[in-house]
Structure formats: structure tokens, C-alpha cells
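Got a few minutes for some structure reading? Work through the exercises below, and try each one yourself before you look at the solution.

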Amino acid sequence: MTPAKKSTTRAKPKAVAAERYPHLVIECVQPELDCGRFPVKRVIGDEMQVGADIFKDGHDLIAGRILYRGPDETDWRSTPLTHDYNRDRWLGSLTLDRIGMWTYTVEAWTDVFRTWRSELEKKISAGQNVTSELLEGAQHVATAARTAKFGEPRTTLTKTAAQLRDESIDPTVRAGAALAPGLLALMEEHLRPRSPARYERELRVWVDRERARFAAWYELFPRSTGPDASTHGTFETAAKALDRIAALGFDVVYLPPVHPIGIASRKGKNNTLEPGPSDPGSPWAIGGPSGGHTAIAAELGTIEDFDRFVRRAGELGMEVALDYALQCSPDHPWLKEHPDWFFVRPDGTLKYAENPPKKYQDIYPLDFWCDDRQSLWSACRDIFLYWLEHGVRTFRVDNPHTKPMAFWEWVIPEVQRHHPEAIFLAEAFTRPKRMKHLAKLGFTQSYTYFTWRNSAEELREYLTELAQTPMREYFRGNLFVNTPDILHEYLVSGGPHAFRIRLLLAATLSPVYGIYSGFELYENVPLKPGSEEYLHSEKYELRPRDYSVPGNLDADIRRVNAVRRQSRALQHYDNLTFGESENPNVLVYAKTSPTDDLVIAVTTHPHVPQETIITVPLAALGIGADQHYVVEDLLTGARYTWHGARNYVRLDPASEPGHVLRIVRQ
């Protein structure tokens, strides 16, 4: 039997959907964070620049636009992209005029009319017959006329289409009508894109209010505002301190926890385990019989007193930030009501918090992955919502890196859904990648490693990362000069001059910075040599202070904060450019804005004067290499005439640790 022959006829291929093989390429869209996994950050009023690489085969011209939706909008709006031929990049911008979550993407298409118009111009210049081209143009114009609304645009387009078709009219006249600028404008408005290609992802940008990017913070313990160390301060006495803080130029008053403090395992002075009968305990040991995270410590007053404190701060142009610490003292009501929310050791005891070698016997951490985690997470969210109802709009979140990332990714949008004006500062002194991820998850600001960056080279390297790399799209560093937990050796050994230097650096390197009370009095005695903990730490005892003692730092603080408010350049984060110094103890940098440009030079040596030749980053300032220009020191009012990039400065930590020099434009 003869075997059957195999068929050599191939099956016809199925038609391929055009959308699987787009005729345009859109890639490298910016800003974009982790392939759109997280939103970038901006502030209300910003013009957000959007860029994309868009190209296709052949010689057709391309058009593109940004599609965007504001908070709670369902329909796309659009703004055009323009081609930057020098960079072969498409660029556009959109104005972010509301706080909340915005969505954007990029769309592009073959610009059939501009392509036709360009070819027509070339053929006319070459003296070729364009009869056929004019008929083709008439089709394009007629198509646009059908989509235009009734009225003058539709009438004009219809008449122009007829004119281009009418071969009885002189071809030169018809060509002139085809190339008229007015027709081009009408076609751009009314000719719908044909088969537009869209970027594969919809991207997001979270828009904050202005204080998220620009603010000076002051940390205050209300309990230390009493007349002496034996009298507990109250919200009433703390309110009296607000006038001084406002006069110094601060925008945010940050309060450690104001809740009841546990009795069991209470810490005494200098973190001892043997408290005296009058020791107030650590405010971070939250909770007692009178309540937990939504209660006020009776020693401070009532919730009505707190509300009056918040209102008084607002009258002075400041707002109150409140500590948000998700941990409980042994006396917190949650331990009786929800013991399953905590970690139980095999012997039945509860696990207290530790950060070896540090031990926190007065604090129990929460088990965020307990069986009843839905109730626990909701209770933690409701703490935010409670204090928002009492006028708090900013929260300093204690140790967020010790809680699940998933919790923050859930709770921050939950809160912002009701209160998009809320600001979250992450107190996350942890490894860099965890700090960055917390910022991506939604934290508005973050503490930084600034406290441990003290040389000019260290500061240059670190601030370059914060301000000139993709971190600037989502990470806002709050440069606290000190905290109740961090007294750096630089301040201990450097004395008052070191305090002046660190103040000037923090306030001019970042638009967001902060100090902890006592900094203006040069408090710098450590618990023991080499320790970063304060002796007689305010965390464990009352520390009333006489802020009027001679020689304090108040004049420097007032002047620096006044300069910050006057200078737009100091109110932005991503406009930092470093210059060079021949002396490694002098840091040089420029900050620019549409209204003012600054050159700043600061010594990092707290003991002896420093002299150097600095190299000004002229390109960033728009100054020619051989140009003479005048600079004015915003701290002293002195003026100098400089020439070119290389100029001399002398800095004395005792009298003039730095210059903040404004370029005087003629």
C-alpha cells in the first residue's frame, strides 16, 4: 500500500491584531518610579515636567500629549508634548493645582496633517506639480470639519476643503491656503489622532501641600514648660512658650507623645530601672488606666486644653505635629482588651521591645500579623483619624521600619483618602534601602543620616544622593540637627561653634530641617564618654530651661529662618549644585530659583578659622567665565564684587561660620 503523501500546503496565518505591534514606540517616560509601582511626589502649584522617547519607522512626523487626571476625576485631560531636537526627546508639563493623587500617561500618533504639509512645502520648493497633494489635503481638512462643532471653525474648515479641491482656482492660491498658519492651528485642534499609541502604564504623582516641602521644625516637651524641675508643665504653660518659638521663625511644633504614661516598669532618670516617686517616665511608654493612644496625660491637661494649644499655634502661623508611636506600656488598655495583639513568649510573659544592647522594659511591641490583625490595623488607623479631628495635620511616626511595610502601604492611603493634607515624617534611622522604601510607600518626609555626616566630603556625597539622583522624586530629607536620642560627638567636642555650623548647614542644604529644644542653649553633655545619649535626658525627667541666658543661639536661628522665608531658592530640594573648595574643611554649594540664586560657603571645622579659594558653579548660575558680578551676604548684608569662578573666602566659626551669598542681578 502506497503511503499517503504529507501535505506541503501551509496553513494560512491568522490575522495579527494591530495593537500587539504598535506602529509607534513610547519609552523612557519620566518621572516614573519603579515601573509605576509607586507615585512620585510633588507640591501643590508645581509644574511637573514629563518627558518621553517617542519614535517610529519612516519619515512621518509625530505628535504627542500628556494625558492626566486630577484627584477624583474620571475623564482624561491633555496637554501637548513638544519635540526637543537637541535631545531627541519629547517634553511637556502639567500644573498640579490640587493636593491628592494624580494619574498621567503619554499618548502619541502619526501627525498626518503635518506630515502632508511638510511634504507639500518640499514639493512646492522643488517646483513639482502638487495637484494630487492638494486633493489629499482636502480630504484631511474635510475629515477635521466633520469632527468640529458647528460654528466658525467648522465653516472655515469646510470652505478650505472645498477650496483645495477646486481645480479652477490657481494652484498657487490653493497651496497658500493649505499652508496658512491659521489652518494648521484649526487642524491641530479638530483633527482627531488616528490610531494613537499609549504608553503601557498609567503613572501616579502624589501632590502635597507646601509645608511638606518647606518647613522649620521645633521639638518641644510640653511637660518641661513648668516653672521648675519639680512642677509638671501643661498645655497651658506650653502655649505660653509658643510665642518664643514663633518669633524664632519655626513653622512646626513637634510634640512627643502626650498620652498617659504607664507605671509598670517605668524608667527613672537616665533610663534607670528604679524610678523615684516623682519621675514622670518616658512619654513613649504609652498607656495607663485612663486610656491609650487617644487619651491625654492628666498631668498635661484635657483634650480641650490640647485643642486650645493647637489653635494658639495656628494663630501664630505654626502647626502642631504629634508623635505617632505604635507601642504600649504594660498598663495600656489594649493589653487587657486585646492580649492577642501582642507577642507572648513560651513562658507566658509578654515580649518587651529591645534594640540590643538597648532594652525598653516599659514598652511592648504590637504583633501586626496576629490573627485579629484586621481589628488591630483599623484601631491603628483610627488613632490618626482621631487626632486629625483635633487639628493635627502632621505626624512624626516613631520607628516605622519596625512595623510591616504592608501596614504603611495600607494605612497611609487610608488616612489620605479622608485627609489628603496629612503629612507623615518617618523616624527611620535604619539601612538605606528600608528608608527609601518607606518613602516610596507614602511617607512625606524622612529623618536622614545628616547627624552623622560632618565633614565637607561626607555632606557633599550624601546630599548629592538626596538631591541629584532619582531619590529626589520621592524622598524628602528632614535634616534634624539633634534629637532626644542623638547627641553627636561633633556637638560634644565642637561646642557652641559646632552648633552654629550645623544649624546653617541644615537650614540651607534642605528646605526641611529641625532642632530639638535645648539646641539653642548648646546642650551637649553626654551620658558617658562616647555615648550619643544625653545626660539627664528629657525622655526620663522634666527639663525646664531658661532660654534667655546670654550668648544663646536665638539670633542665629531668627536670622537663618528669616533668610529661608525670603529666598525661594532655599525652599526647594532638587536645585542643589556643589562647587569646589581648595580647603577640604569648606563646603561650597549653589541653590537656584527663578527669583534668586545663591552661593553658600560653610566651614565644617568648629575650632579655627578657614581660608580658601572656592570654585563657584557658574554654569548653574548663568554667569560667564570672565564676568564680574556682585554677591550680597544675606546673613550680614555685606557685598563683594567677584570675578569668574575662583574667589577667596575666609570663614571664622566664632563670628562668621558661613556665607549665604545672593547673586545681585543688574
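What follows is a set of exercises, each with a worked solution.

**Ground rules**

You're looking at a predicted model, where local features need pLDDT of at least 70, side-chain atom pairs count only at pLDDT 80 or more, and totals for chains, interfaces and linings use all residues. Residues are numbered from 1 along each chain as its sequence is written, and side-chain values use heavy atoms, with hydrogens and water left out.

**Exercise 1. Take stock of the whole chain.**

Step 1: count the elements. The protein chain has 15 helices and 30 strands; helices (H or I, at least four residues) and strands (E, at least two) are DSSP runs, numbered from the N terminus.

Step 2: get the extent. Along the principal axes, the C-alpha atoms fill a box of roughly 105 × 85 × 65 Å.

Step 3: check burial. Of the 666 residues, 55% are buried (buried means under 20% relative accessible area, exposed over 50%, partly exposed in between, with a 1.4 Å probe and protein chains only).

Step 4: look at contacts (heavy atoms within 4.5 Å). Among those with a separation of 6 or more, 74% link residues 24 or more positions apart.

**Exercise 2. Trace the six-stranded sheet and find what packs on it.**

Step 1: write down the order. The open sheet runs β22-β24-β25-β30-β27-β28, with antiparallel pairing; two strands pair if DSSP finds at least two bridges between them.

Step 2: find the edges. β22 (576-578) and β28 (639-643) each have a single partner strand, so one side of each has no neighbour in the sheet.

Step 3: get the twist. From one strand to the next, it averages 30 degrees. Angles here run from 0 to 180 degrees between N-to-C directions, and axes are lines fitted to C-alpha atoms, for helices over the stretch in contact.

Step 4: zoom in on one pair. β22 and β24 (residues 586-592) are joined by three bridges, and leucine 576 has lysine 591 as its bridge partner.

Step 5: add the helices. α12 (residues 456-468) touches β22 and β24, its direction making about 145 degrees with that of β22. α13 (residues 489-509) lies across β22, β24, β25 (597-603) and β30 (658-664), at about 30 degrees to β24.

**Exercise 3. Pick apart the largest nonpolar core.**

Step 1: fix the term. A nonpolar core is a set of buried Ala, Val, Leu, Ile, Met, Phe, Trp, Tyr and Cys residues joined through side-chain atoms within 4.5 Å.

Step 2: size it up. The largest one has 154 residues, and those with the most contacts inside it include Ile54, Trp334 and Leu509. α13 gives the most to this core, with 11 residues.

Step 3: follow one residue. Neighbours within four places in sequence aside, tryptophan 334 touches, among others, Cys328, Trp341, Leu366 and Ile383.

Step 4: look for a separate core. Another one, of 21 residues, has Ala138 and Leu164 among its members.

**Exercise 4. Hunt for unusual backbone geometry.**

Step 1: scan omega. Glutamine 30 and proline 31 are joined by a cis peptide bond, with omega about 0 degrees. The bond from proline 356 to proline 357 is cis too, with omega near 10 degrees.

Step 2: scan phi outside glycine. Cysteine 35 has a positive phi near 55 degrees, and asparagine 270 has one of about 55 degrees.

Step 3: place them. Cysteine 35 sits in the loop between β1 and β2 and is exposed at 55% relative accessible area. Asparagine 270, in the loop between β11 (252-255) and α7 (303-315), is partly exposed at 24%.
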